[in-house]
Structure formats: structure tokens, C-alpha cells
Amino acid sequence: MNAMSSHAWTNASNQVGAALVRRQPSFLAEEDWINVPWSAGTTKKDILHYLLDLTVEVPSLLAEYDALEVTRQSGVPSAHEITVKQAALWNGVTNLTCRFLQWKIDWVDAYPDGPPKEVPAEPNEHFPIFRCRDLRTGAVITPTKLVYPNLRLAQTMCLYYTSRLILSTVDTRPDDDRVGPAQQYALGCGICRTLEWYILTAPGNMINRLAFPVRVAWEVFPDGGPERRFIYDVLKLVEKRHSLGLWGSGMSELSPRAGSPPKA
């Protein structure tokens, strides 16, 4: 295995997504899979590959969290055992969160073609308009939408938002560094603010790559709000326009939440 082809990395992305849904560690987090495929120097990692190197670590932390909860609910868990497992989880979440933030500084903020840009969101006949809440006032607002220099960066940023959202579900740290509801909401909005540009720009066979991020964003937002209404409208538009069933009835099978496994 001297070089990692584009097709192989597409498969790797799918494997990472599956590991997130299963909440179990992936073999792709092993050293050989992270470094050996690139060792020949015939292919170089790009922004998405470096992000996947981080995302592939999230399932292990989900599994640690689940194991900690099992320990808590067992008959007579020792205080020492819980303290040790909790400290290990918090250290892992802190470390990975910091590396995600550094990745964004290194790869997105300094992206050669420029980082994502914010532009006014104007109503149009081609795509639903995204509205959300101003968390300070509770008012419904129309935020700017995000546009990108290319599809690769848009896809990568949606994976970034998704990875951080999933990681935040096991972020139970007691300090100010915890990624709480306000940051989770902003990450979910980041996915929604990307959808118009991506779906109207991408060829049909690439649109399914955002199905999982959309499913994760859905779970951030409350029932009955403008955010879920927007996502619902987008799902129907994509299912109708591109005949992609994954954006319709199949969407419920994509969930990384504890107690919400994919259907058998």
C-alpha cells in the first residue's frame, strides 16, 4: 500500500462515518493507516485528509464515554474507577478539541484560495433561506450564508463542524472550556449556512457527502424551530430534485447519538 487513491480515501471517509455512528474505535486511527499510505511520497495529504486524521479519533472517545456510563450504572462502581475513567475522557476531549481548533487555524484560515466568506442571504427561488435564533434575544434572524472557493473546502468544513459537534456530546468537562449548547448551536448553524452553496454547486453524485452532517445538525436544533423547518425543506428539495433517498426516509438511520443506533 504505497499511495492512497482518491477512491480509497472516499472509502476511508465512509469508514470514519460508520465508526461515528457505531460509537466504536476505527482501525483507521491506527498508525499504519494514518502514515503508511503516504510514505511513498507519490500522493500528498490535503486539508481533508488532515481533518480525517483527527475525526477518526472521535469514535474512541464516544466509546470511552459509553463505558464510563456503564460503569456508573453498574451495581457498585468504585469512586476511584469512575474518577480515573472520567479524567481520561476529559483529557482526551481537551486534547482533541485543541487540535481541531489548531487545524482550523493552520488549514482553513490560511487556505491558499481563501477561507469561507460570509455573504448576505437573500430569498430566491432555488433554495430555502436559513433562519435561526439570536441566542441573546431569542429573536429569529437571517444570518449570512457561507460561500467557498471550491467544493473540497465546503465539504471539509462541514466535516469539521460535524466532528466537533459529535465530540461535544461527550464533553462533560466542568470548566469554561466545555463546548456547551451555544457553541453546539453555532456549529450546527455553520452546516446549515453552507448547504445552499454546496448543493447548488456540487454535481448530484457528490451531494450525498453532506447527508451525515445534515443529520448531525438536525439533532442540535429544537423541535418546532425555524432551523429544523429549513432542514426539512432542504431534505425534500434534494430528495425531489436529485432523487436521493438518503435525504428522505433513510436519514433517520444516520445518528451518532448514544441509544440511537442505525436500523438493522
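1. R229, at 49% relative accessibility, counts as partly exposed, because the upper limit of that class is 50%. In this predicted model, the side chain of R229 meets that of D233 in a salt bridge, with an N to O distance of 3.5 Å. Both residues belong to helix α10, where they stand four residues apart, about one turn of the helix. The partner, D233, is also assigned to the partly exposed class, with a relative accessible area of 30%.

2. R228 is likewise part of helix α10, which spans residues 226–242. Its relative accessibility is 15%, and R228 therefore counts as buried, the limit for that class being under 20%. Leaving aside residues up to four places away in sequence, R228 touches W218, E219, F221, P222 and D223. Of these contacts, E219 is also listed among the buried residues of helix α9.

3. Helix α9 covers residues 211–220; eight of its ten residues are buried, so the helix is largely enclosed by the rest of the structure. The buried set consists of A211, F212, P213, V214, R215, V216, A217 and E219. The reader may wish to note that this set includes the charged residues R215 and E219.

4. The salt bridge count for the model comes to 15. One of them joins the side chains of D46 and R152, at 2.9 Å from N to O. This pair links distant parts of the chain: D46 sits in the loop between α2 (31–35) and α3 (47–55), whereas R152 sits in helix α6, and the two are 106 residues apart. D46 has 23% relative accessibility and counts as partly exposed. R152 falls in the partly exposed class as well, its relative accessible area being 28%.

5. A further salt bridge is formed by K85 with E81, whose closest N and O atoms are 3.4 Å apart. Here both partners lie within helix α5, four residues apart, which is about one turn of the helix. K85 is partly exposed at a relative accessible area of 30%, and E81 counts as partly exposed at 33%.

6. P115 is located in the loop between α5 and β1. With 36% relative accessibility, this proline counts as partly exposed. Beyond residues up to four places away in sequence, P115 touches V108, D109, P149 and L153. The C-alpha atoms of P115 and V147 are 9.1 Å apart in space, although 32 residues separate the two in sequence.

7. The second largest pocket contains about 420 Å³ of space. Its lining comprises 26 residues, and those nearest the centre are E118, Y161, A186, G190 and R193. At least two lining residues come from each of α5 (79–108), β1 (117–119), β2 (132–133), α6 (151–168) and α7 (181–201). The greatest contribution is that of α7, with seven residues. By class, the lining of this pocket holds 16 nonpolar residues, nine charged residues and one polar residue.

8. Two cavities of 30 Å³ or more are present in the structure. The largest has a volume of about 100 Å³. It is lined by 15 residues, with A121, F130, K145, C192 and E196 nearest its centre. Helix α7 again appears here, giving the most to the lining of the largest cavity with five residues. The lining of the largest cavity divides into nine nonpolar, two polar and four charged residues.

9. As to confidence, the chain has an average pLDDT of 86, and 81% of its residues score at least 70. The pLDDT is below 50 over residues 1–6, a stretch that has 14 contacts in the model beyond near neighbours in sequence. Residues 259–264 also stay under 50, and for this segment the model has five contacts beyond four places in sequence.

Methods
Residues are numbered from 1 along each chain as its sequence is written. This is a predicted model: local features need pLDDT of at least 70, side-chain atom pairs count only at pLDDT 80 or more; totals for chains, interfaces and linings use all residues. Side-chain values use heavy atoms; hydrogens and water are left out. On a 1 Å grid over the protein atoms alone, a cavity is a set of points where a 1.4 Å probe fits but cannot get out, and a pocket is an open set with protein on both sides within 12 Å along at least five of seven lines; lining residues have an atom within 4 Å of a point. Grid points are joined across faces, edges and corners, and a volume is the space filled by probe spheres set on the points. Buried means under 20% relative accessible area, exposed over 50%, partly exposed in between (1.4 Å probe, protein chains only). Contact means heavy atoms within 4.5 Å. A salt bridge is a side-chain nitrogen of Lys or Arg within 4 Å of a carboxyl oxygen of Asp or Glu. pLDDT is the predictor's confidence in each residue, from 0 to 100.
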